[in-house]
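Here's a quick briefing to read with the model open next to you. It goes topic by topic, so feel free to jump around.

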Amino acid sequence: MPIRQFQAQRMRAPRDFTAISPQPICVEIGAGKGKHALLFTAQHPEQTLLAIERTREKFEAMQKQHQIEGQGNLQPIHADAIPWVVHALYPQQVQQFFILYPNPEPHNPAQRWLNMPFFEFLLSRLQPNGQITLASNIPEYIEEAEQQLQQLWQLPYVKEVVPATSARTHFEIKYLERGELCQQLIISKPATYQTRFDDFLPLQGQNHAE
C-alpha cells in the first residue's frame with residue numbers, strides 16, 4: 001500500500017527563517033554539537049554543508065565551535081528539520097544528506113525517517129545519483145530501514161559496518177567505545193527516480209498553513 005502523501009504546503013516556516021540560494025549543497029539533519037559537520041567541512045572545503053539542529057543547547061555548542069574553527073563552507077542552522085527543508089530546499093539541490101544516529105523513536109515507529117511520508121519529500125530534494133547516509137547503533141532500526149528501502153521506496157543502498165576507529169559524532173564515539181555494532185546505509189537515488197514533489201518549489205518562508 002503506498003504511503004500517504006506528505007502535506008508540504010501546510011508546513012509553517014521555522015522561526016527566524018532565512019531563505020538560501022539554489023546552489024548545490026550537502027545537508028546534515030540532527031547535527032548535534034556539530035562534530036561531524038566540522039570534520040566534513042574541514043575535509044571537503046569544496047563542498048558546502050548546512051547542519052540543522054533543533055535543540056538550542058546543542059546548536060549553540062556547534063555554533064561556538066564553528067566560530068573557533070571558522071570553516072567558511074559550514075552553515076549551522078537552528079530549526080526543526082522538516083519545516084526547514086520544505087521552506088528552504090529546491091528540487092534536486094542536495095548532493096548528500098547525513099542522518100547520523102537519529103532518535104530511534106522506540107515508542108513511535110511512525111516517526112522514524114523512512115517510515116514518514118516526509119521521506120518522499122526529502123528524496124525530491126536530492127540530486128540524481130545523490131546519497132543519504134543513515135547511521136544507527138540499533139540493529140532493528142537498520143533492518144527496518146532496509147525493509148522500507150526494498151519494499152516501499154525501492155531504492156538501492158549499501159549496508160556497511162562503521163569501523164571501530166570512526167569518530168564522526170559524540171554518540172558514535174560512545175557507542176563504539178562500548179563495543180556496540182554501529183551500521184550505516186548509503187542510500188542512492190537513481191537518475192530516473194521520481195517523486196510527487198519533483199516540481200515543488202521551496203515555500204521560502206511564506207505561511208501556507210491554515
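E53 stands opposite H78 in strand 3, and that's a handy place to start looking. This is a predicted model, so local features are kept at pLDDT of at least 70 and side-chain atom pairs at pLDDT 80 or more, while totals for chains, interfaces and linings use all residues. Numbering starts from 1 along each chain as its sequence is written, and side-chain values use heavy atoms, with hydrogens and water left out.

**Strands 2 and 3**

- Strand 2 (residues 49–53) runs parallel to strand 3 (residues 74–78), with five bridges between them; two strands pair if DSSP finds at least two bridges.
- Helices here are DSSP runs of H or I with at least four residues, strands are runs of E with at least two, and both are numbered from the N terminus.
- Add helix 2 (residues 56–69) to strands 2 and 3 and you get a right-handed β-α-β unit; right-handed means that, with the strands pointing away from the viewer, the path from the first strand over the helix to the second runs clockwise.

**Helix 1**

- H36, A37, L38, F40 and T41 are the buried residues of helix 1, where buried means under 20% relative accessible area, exposed means over 50% and partly exposed is in between (1.4 Å probe, protein chains only).
- Their cover includes strand 1, strand 2, helix 2, strand 3 and strand 4.
- T41, in helix 1 (residues 35–43), has 2% relative accessibility and so counts as buried.
- Not counting residues up to four places away in sequence, T41 touches L49, Q71, N73 and L74; contact means heavy atoms within 4.5 Å.

**Helix 4 and the cores**

- How much of helix 4 is buried? Eight of its eight residues are, so helix 4 is largely enclosed by the rest of the structure.
- Those buried residues include polar ones by name, among them E120, S124 and R125.
- Strand 1, helix 3, strand 4, strand 5 and helix 5 are among the elements covering the buried residues of helix 4.
- The largest nonpolar core has 45 residues, and W84, W113 and F118 touch the most other members; such a core is a set of buried Ala, Val, Leu, Ile, Met, Phe, Trp, Tyr and Cys residues joined through side-chain atoms within 4.5 Å.
- Elements giving two or more residues to this core include strand 1 (25–29), helix 3 (81–88) and strand 7 (183–188).
- Helix 3 gives the most to this core, with six residues.
- A second, separate core of 18 residues includes L38, F40, F98 and Y101.
- F118 is in contact with F6, I82, V85, V86 and W113, leaving aside neighbours within four places in sequence.

**F97**

- You'll find F97 in strand 4, buried at 0% relative accessibility.
- F97 and I132 are 35 residues apart along the chain, yet their C-alpha atoms are separated by 4.6 Å.
- Beyond neighbours within four places in sequence, the contacts of F97 include V27, I29, L89, L122 and R125.

**Aromatic rings**

- Rings of Phe, Tyr and Trp (its six-membered ring) pair if their centres lie within 6.5 Å, with planes under 30 degrees apart counting as stacked, over 60 as edge-to-face and the rest as tilted.
- By this rule the count is 12 aromatic pairs.
- In one of these, the rings of Y101 and Y175 have centres 5.6 Å apart and planes at 55°, so the pair is tilted.
- Y101 sits in the loop between strand 4 (94–100) and helix 4 (118–125) and Y175 in helix 6 (residues 170–177), so the pair ties together parts 74 residues apart in sequence.
- Both rings belong to buried residues: Y101 has 8% relative accessibility, and Y175 has a relative accessible area of 12%.
- One aromatic cluster is made of F6, W113, F118, F121, F197 and F200.

**N137**

- N137 is in the loop between strand 5 (126–136) and helix 5 (139–153), and is buried with a relative accessible area of 16%.
- Its contacts, apart from neighbours within four places in sequence, are Y101, Y175, E180, L181 and C182.

**Positive phi**

- Most residues other than glycine have a negative phi.
- Q92, in the loop between helix 3 and strand 4, has a positive phi near 55° and is partly exposed at 40% relative accessibility.
- N129, in strand 5, has a positive phi near 70° and is exposed, with a relative accessible area of 58%.
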